[in-house]
Amino acid sequence: MSDLFSVADVSAARGPLRKMDIAPGDAQTPVQYTLRAGEQRIGLNAHLGASLRLVHTGAIHCVHCGRATRKSFAQGYCYPCFKSLAQCDTCIVKPETCHYHAGTCREPTWGEQHCFQPHVVYLANSSGLKVGITRKTQLPTRWLDQGAIQALPILEVDNRLQSGLVETLFKQVVGDRTNWRAMLKGDVAPLDLPAERDRLLAALDQELAALKRRIGEQAIGTLAATPVDLHYPVLEFPGKVVSHNFDKSPEVSGRLMGLKGQYLIFDTGVINLRKFGGYEVEVAIE
Ligand SMILES: [Zn+2]
């Protein structure tokens, strides 16, 4: 926490955007946001209510290799990286299609370090109930990036492929998407996630048993976790959600009304900073 507060008085920066660092708060403290532009960092919670301006200079630098690119692919990669990195392969979005075992992983070493690690299947409430999967070490970051107000880990598996197989079962009975407009309007009703977990596990009892017979009885572990509540720093949610887009207008400015997921909420509209990874911006706070 201390390093977040020490950067809070910085009010200008220039560099390629990275996704914001989001640190969990607690019952008294909301989630803490740090905007990242190149090597520079600005703690944003301290600037709620202030005028914030971001101006895209026109340059885009790949978030992986740093080279200049005219267009960004998959939220910040240059085309060669997009076509060659394992982290940009379609199996990352659809883990059940992992093809490591076929010997066709784009980067087997990366796959071993990131995909062949414990993964968690969770329930979250971002714009209603959803199921999701992530590498265990990515919690709670994944939930914060999605703007979830509640989350509950329910199952643990040994690797990403298995998490995809489990998630595929859950997707028969629950969604896996966030309605970002609903998430940003802030009128998301709280859910009883342990009750939802019990309901879904009961509904999928036979399918999960069949999957365990296929991939191993020990492969899917049930977690006895307690739900996590996440509180975002928002002065006022937008009545109507209007999106800013650096590709259409290089200057995005207004009064900073809130932070949720990877979005800045201005009184003039919202912007998903993750979508513009690698876009060089000048940031100024007045
Ligand atoms: Zn690149």
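## Close-ups of a predicted model

**View 1. The whole chain and its uncertain start.** This is a predicted model, and its chain has a mean pLDDT of 95, with 97% of the residues at 70 or more. Residues 1-8 are another story: pLDDT stays under 50 there. For that stretch the model has 13 contacts beyond four places in sequence. Where pLDDT is low, don't read the predicted coordinates in detail.

**View 2. The zinc ion and its four cysteines.** Here the SG atoms of Cys62, Cys65, Cys78 and Cys81 coordinate the zinc ion at 2.3 Å. Along the chain, these donors are spaced C-x2-C-x12-C-x2-C. The arrangement is tetrahedral because the 4 donor atoms subtend angles of 103 to 115 degrees around the zinc ion. For four tetrahedral donors, the ideal angle is 109.5 degrees.

**View 3. Cys65 and Cys78 up close.** Both cysteines sit in the loop between strand E4 (51-60) and helix H2 (79-84), so the pair ties together parts that are 13 residues apart in sequence. Cys65 is partly exposed, with a relative accessible area of 36%. Cys78, on the other hand, is buried, at 2%.

**View 4. Inside the largest nonpolar core.** This core has 47 residues, and Leu54, Phe246 and Leu264 are the ones that touch the most other members. Leaving aside residues up to four places away in sequence, Phe246 touches Leu17, Leu54, His56, Val252, Ile271, Phe276, Tyr279 and Val281.

**View 5. A second core.** Separate from the largest core, this one has 22 residues, among them Leu123, Leu152, Leu165 and Ala219.

Definitions and conventions. Residues are numbered from 1 along each chain as its sequence is written. This is a predicted model: local features need pLDDT of at least 70, side-chain atom pairs count only at pLDDT 80 or more; totals for chains, interfaces and linings use all residues. Side-chain values use heavy atoms; hydrogens and water are left out. pLDDT is the predictor's confidence in each residue, from 0 to 100. Contact means heavy atoms within 4.5 Å. A nonpolar core is a set of buried Ala, Val, Leu, Ile, Met, Phe, Trp, Tyr and Cys residues joined through side-chain atoms within 4.5 Å. Buried means under 20% relative accessible area, exposed over 50%, partly exposed in between (1.4 Å probe, protein chains only). Donors are N, O and S atoms within 2.8 Å of the metal (3.2 Å for Na, K and Ca); water is not among the atoms, so sites may look incomplete. Four donors count as tetrahedral if all angles lie between 85 and 135 degrees; four count as square planar and six as octahedral if opposite donors are over 155 degrees apart and all others between 65 and 115; anything else is irregular. Helices (H or I, at least four residues) and strands (E, at least two) are DSSP runs, numbered from the N terminus.
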